[in-house]
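Colleague: Could you walk me through this model and tell me where your labels come from? I'd like to hear the reasoning, not just the words.

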Amino acid sequence: MKKMLLLLLACVFVLSACSSGGGAKEGAASDPNKKEITVWAWDPNFNIAALNIAKELYTAKNPDVKINIVEYAQADIVQKLNTGLNSGTTKGLPNIVLIEDYRAQNFLQAYPDAFHDMTNTIDPAAFADYKIGPTSANGKQYGVPFDSGVTGLYVRTDYLEQAGYKVEDLTNITWDRYIEIGKDVKAKTGKDFLSQDPNDLGLIRMMLQSAGSWYLKEDGKTPNIAGNPAMKEALETYKKLMDANIVTMTSDWSQFLAAFNSGNVATVPTGNWITPSIKAEASQSGKWAVVPFPKMAGNNSVNASNLGGSSWYVMNMDGQDTAADFLKETFGSDTQLYQQMVTKIGAIGSLKAAATGPAYDEGQEFFGGQKIYADFAKWSEQIPNVNYGLHTYAIEDILAVEVQNFMNGKDVDSVINDTQAQAEAQLK
């Protein structure tokens, strides 16, 4: 709830900026080539670690540049950005900031003059197609796409074998088939098939994007709940999962991790960023594999989706040209950087040219020798492109309550219509 309140607060700041014309003016930098820049990001084991690799590579060629890396929690970055930009200035803000793809449009549309146009600095076509929608606005490319949230279905091969199944039996399947196998595996092994926090709608997000759909229409503003066949199928599929008696219920991140690290569940359907957490239980080495994400039966769903992911943005301020060059020469083009990211931290980028190489082609002992990074890179090319728009989290707050009503017996059409009505009333 604390996280949701912070997100709602962020939305309030964004809306106030839209009404007041907030945002720093482009070209305000008096020294665009300033050689000292600051970068804000979260997660020391992932984003900060990737930044440190990029910093080392860049400063080796540009020793006159000083790069300060500052770690904040993501919610703190959102609040600091909104507070600063709503005052009409980039003073006190970083030269480069990491922004989650789900919320990028809020910033780009509320504060268009605060962000540096990267259209002629990087080649947008060099990145996975699904990353371009969230990182561009009004015909301009602002973000430098970073990590991929490409999904997979992590499976315990030993549990499957005990129940008479092979990895191939779970490859490129539908959710209906997934549920059937899950029931059988539980009956024969006693293991649940997955874990789920009832307040986390990540599964529904992934199902929606696998069908090329989202909570919002293509304009990124209009609620797309009622009259959206993919939304209805995702909700019905989710309820089938919950009703199948194959789910370990969790209430927080630590319980989610414990469910698979303890060996209590047989599969984990989520983004590839979970790989280091799965590998954290060394005793399970050789007992895991990864297959494509399950798809819904209809609505042109595919066996590929995305969960999470973020991108880098340059602020219009002193040092903007140096900051832009840093991103261009590292995350924007350096395939060696991405090789090191895979090897050192297990981070998969979205630069197409970096999707091959020794790091990707190396078999992973923990996953029975499978070349999981090459597989993820291949699946990332199949992810449908959707517009996350302005109100992903605002609608999800409404939907989370209605999903619980659905689990408790409310019919799906009422859930859909009521969510649509509440979203329209709140966002008008």
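Colleague: Let's start with the helix. Which residues in H3 are buried?

Modeller: Keep in mind that this is a predicted model. In H3, the buried residues are Ile77, Val78, Leu81, Asn82, Gly84 and Leu85.

Colleague: And what span is expected for H3, residues 74–86?

Modeller: H3 has 13 residues, and the expected span is 1.5 Å times one less than that number. That gives 18 Å expected, and the helix reaches 18 Å from its first C-alpha to its last, so the two are close. Just after H3, Gly88 has a positive phi of about 90°.

Colleague: Why is Gln370 called buried?

Modeller: Buried means under 20% relative accessible area. Gln370 has 17%, so the residue counts as buried. You'll find Gln370 in the loop between helix H14 (358–361) and helix H15 (372–380).

Colleague: What makes the pair of Gln370 and Asp375 a polar contact?

Modeller: The cut-off for the N or O atoms is 3.5 Å. The side chains of Gln370 and Asp375 make their contact at 2.9 Å, so the distance fits. Leaving aside neighbours within four places in sequence, Gln370 is also in contact with other residues, among them Ala289, Val290 and Glu362.

Colleague: Val290 sits in a strand, doesn't it? Which residue is its bridge partner in E7?

Modeller: Tyr154 is the partner of Val290, which belongs to E11. In E10, Tyr154 has Val268 as its bridge partner.

Colleague: How do you know that E7 pairs with E10 and E11?

Modeller: At least two bridges are needed for a pair. E7 and E10 (residues 267–271) have five bridges, so they pair, in the antiparallel sense. E7 and E11 (residues 288–291) have four, so they pair too, again antiparallel.

Colleague: Why is E7 called mostly covered?

Modeller: In E7 (residues 151–156), six of its six residues are buried. Thr151, Leu153 and Val155 are on one side, with Gly152, Tyr154 and Arg156 on the other, and both faces are covered.

Colleague: Now the loop between E11 and E12. What makes Asn300 exposed, and Asn299 partly exposed?

Modeller: Exposed means over 50%. Asn300 is at 74%, so Asn300 counts as exposed. Asn299 is at 31%, which lies between 20% and 50%, so Asn299 is partly exposed.

Colleague: What is notable about phi in Asn299?

Modeller: Phi is positive, about 60°, although Asn299 is not a glycine. Asn300 has a positive phi as well, near 55°.

Key
Residues numbered from 1 in each chain as written. Predicted model: local features only at pLDDT ≥ 70, side-chain atom pairs only at ≥ 80, totals over all residues. Heavy atoms only, no water. Buried < 20%, exposed > 50% of the residue type's maximum accessible area, 1.4 Å probe, protein only. Polar contact = N/O pair within 3.5 Å; in protein donor to acceptor, adjacent residues only side chain to side chain. Contact = heavy atoms within 4.5 Å.
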